[in-house]
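Take a short walk through this protein. Start with the whole, then look at single places along the chain.

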Amino acid sequence: MYNFINYHNNSKLTEKEIRKLDEYYQKARIQESYYMNLQPQKNFYNEVTLGNTKNINKNIVEVMENRTSFRGTNYSPLSRIELSTILFHAMSKKNSIKKPYPSAGGVYSVYLYVIVNNVLNVPKGIYLYDSRKHSLKQFKDISHFNITTLSNSILYPDNVSAILFTSSLYIKSFIKYGERSYRFILLESGHIIQNIELLTAAVNGGGHCIGGFYDESIEKLLDLNKYEILTHGYLLYGRII
């Protein structure tokens, strides 16, 4: 029943675990170039370059104070530039290999999937966000997909702008940190979702985190492979009117 205790206990650091981690570091040094360059593998057939972003003239304290979980009905579709702004500032960084959120060891094992449902000038579909190119790489069509099948929640109106899911290619972190990496990938995913939440508020958008989703259905929908772990979800309604 309390399996979460096992996750926690298995990732505790002891002198024995430190020695085990030293072994992981040795493996990482030998195989680092292979594992660090791993990317989610999909059959991409379309790429949407997101381009420009909006100027945000709000300070961080103001945005944090106004952040809230939105579950209303009075909203309009997000524009392409608004989605671009949220994704770019949440996960990309100009002229740098580093990103605007912390990642244990600078591994950056977390990726963002975007189910676009109602974003102006972006075709419906399921995409992987490429933070290096600031583009959406499409690998599935959803023209006939009912997004309410993702969960038994009644909070999914048909015209939500997008649903975002983070997943971790956990082997990239595991090869360096062993079982303790499970903590790190959840933290990294949480940092990204918090960035998305704050940026959604900054562009006057509405959204909220979702936890009651059908894991296996979404793993199949996103074509996750055996090295990927589904971590968090975020429902992006649109722009609050």
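**The overall picture**

Of the 241 residues in the protein, 46% are buried. The model is a predicted one. Its secondary structure comes to 7 helices and 8 strands. The accessible surface is about 12900 Å². Carbon and sulfur atoms hold 50% of that surface.

How do the contacts spread along the sequence? Take the contacts in the protein with a separation of 6 or more. Residues 24 or more positions apart account for 79% of them.

**Strand β6**

Now go to strand β6, which covers residues 162-169. S168 sits in this strand. Is S168 buried or exposed? Its relative accessible area is 0%, and buried means under 20%, so S168 counts as buried.

What does the side chain of S168 meet? A polar contact of 3.0 Å links it to the side chain of S109. S109 also appears among the contacts of S168 beyond its neighbours within four places in sequence. The others in that group are V110, I185, Y227, E228, I229 and T231. V110 belongs to strand β3, which runs over 110-116. I185 falls in α6, which spans 181-202. E228 opens β8, the strand of residues 228-240.

I163 lies in β6 as well. Its relative accessible area is 2%, so this residue is buried. I163 also pairs with a distant part of the sequence. G207 is 44 residues away in sequence, yet the two C-alpha atoms are 9.4 Å apart in space. G207 falls within β7, residues 205-210.

**A loop between β3 and β4**

Next comes V119. It is placed in the loop between β3 (110-116) and β4 (125-130). Is this loop residue buried or exposed? V119 has a relative accessible area of 7%, so it is buried.

Which residues does V119 touch, not counting those up to four places away in sequence? They are L78, S79, R80, L83 and S161. R80 and L83 fall in α4, which covers 80-91. A further link spans the sequence: V119 and V160 are 41 residues apart along the chain, with their C-alpha atoms 8.7 Å apart.

**Two residues with positive phi**

Most residues other than glycine have a negative phi. Two loop residues here go the other way. N204 has a phi near 65 degrees. It lies in the loop between α6 and β7. At 35% relative accessibility, N204 is partly exposed.

D223 has a phi near 55 degrees, again a positive value in a residue other than glycine. Its loop runs between α7 (215-221) and β8. D223 is partly exposed too, with a relative accessible area of 36%.

**The second largest pocket**

Finally, look for empty space. Rolling a probe the size of a water molecule over the atoms shows where such space is left. The second largest pocket holds about 240 Å³.

What lines this pocket? The lining has 15 residues. Those nearest the centre are I56, I60, H89, L199 and A202. Three helices, α3 (60-66), α4 and α6, each give at least two residues to the lining. The largest share comes from α6, with 4 residues.

The lining is mixed in class. It has 7 nonpolar, 5 polar and 3 charged residues.

Conventions. Residues numbered from 1 in each chain as written. Predicted model: local features only at pLDDT ≥ 70, side-chain atom pairs only at ≥ 80, totals over all residues. Heavy atoms only, no water. 1 Å grid on protein atoms, 1.4 Å probe; cavity = no way out; pocket = protein on both sides within 12 Å on 5 of 7 lines; lining within 4 Å. Points joined across faces, edges and corners; volume = space filled by probe spheres on them. Nonpolar A, V, L, I, M, F, W, Y, C, P; charged D, E, K, R; others polar. Buried < 20%, exposed > 50% of the residue type's maximum accessible area, 1.4 Å probe, protein only. Contact = heavy atoms within 4.5 Å. Areas by Shrake-Rupley, 256 points an atom, 1.4 Å probe, with all protein chains shown as cover. Polar contact = N/O pair within 3.5 Å; in protein donor to acceptor, adjacent residues only side chain to side chain.
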